[in-house]
Amino acid sequence: SMEMKQSTISGNKADSMGGALFIDTSSVANFDGCTFSNNEANSGGGAIAVRGEANFNNVKFENNKAGGGGAIAIFGTAKIVFEISFHKVCSNKFMN
């Protein structure tokens, strides 16, 4: 599993899925106090593409864009958990 705290992930680009990160099947990623901004993917998930499990607490998604799922793309049996606290999701774009 992976844990990321108090980090900013910005300005990344993927030709396919997950502009900043791709979380594959059987992988678990935990994010606390992170910001994902200005990331881009041609396919799905401007910031993150998830096939495994992703847990978010106090996370911001701003100005990410992708061909599907401006901020997050969820595939198959992926599990996404948002802890009830502060989340900011704004200006993310689905490009067609």
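In this predicted model, Phe-31 is tucked away from the surface: its relative accessibility is 2%, which is under the 20% cut-off, so the residue counts as buried. Phe-56 is buried too, with a relative accessible area of 0%.

These two residues also turn up together in a search for aromatic pairs, which finds five of them across the whole structure. The ring centres of Phe-31 and Phe-56 sit 5.3 Å apart and the ring planes meet at 10°; planes under 30 degrees apart count as stacked, so this pair gets that label. The pair also ties together distant parts of the chain. Phe-31 belongs to strand β5 (residues 28–32), while Phe-56 belongs to strand β9 (residues 53–57), and the two phenylalanines are 25 residues apart.

Next come Phe-36 and Phe-61, another stacked aromatic pair, with 5.3 Å from centre to centre and 10° between the planes. Here, too, distant parts of the chain are linked: Phe-36 is in strand β6 (residues 35–37) and Phe-61 is in strand β10 (residues 60–62), with their positions 25 residues apart in the numbering. As for accessibility, both Phe-36 and Phe-61 are buried.

How do these rings fit together? Ring pairs join Phe-31, Phe-36, Phe-56 and Phe-61, along with Phe-82, into a cluster.

One more ring is worth a look, this time for its contact with a charge. Arg-51 lies over the face of Phe-75, at 5.6 Å from the ring centre.

How values were computed:
Residues are numbered from 1 along each chain as its sequence is written. This is a predicted model: local features need pLDDT of at least 70, side-chain atom pairs count only at pLDDT 80 or more; totals for chains, interfaces and linings use all residues. Side-chain values use heavy atoms; hydrogens and water are left out. Rings of Phe, Tyr and Trp (its six-membered ring) pair if their centres lie within 6.5 Å; planes under 30 degrees apart count as stacked, over 60 as edge-to-face and the rest as tilted. Helices (H or I, at least four residues) and strands (E, at least two) are DSSP runs, numbered from the N terminus. Buried means under 20% relative accessible area, exposed over 50%, partly exposed in between (1.4 Å probe, protein chains only). A charge sits over a ring if NZ of Lys or CZ of Arg is within 6 Å of the ring centre and within 35 degrees of the ring normal.
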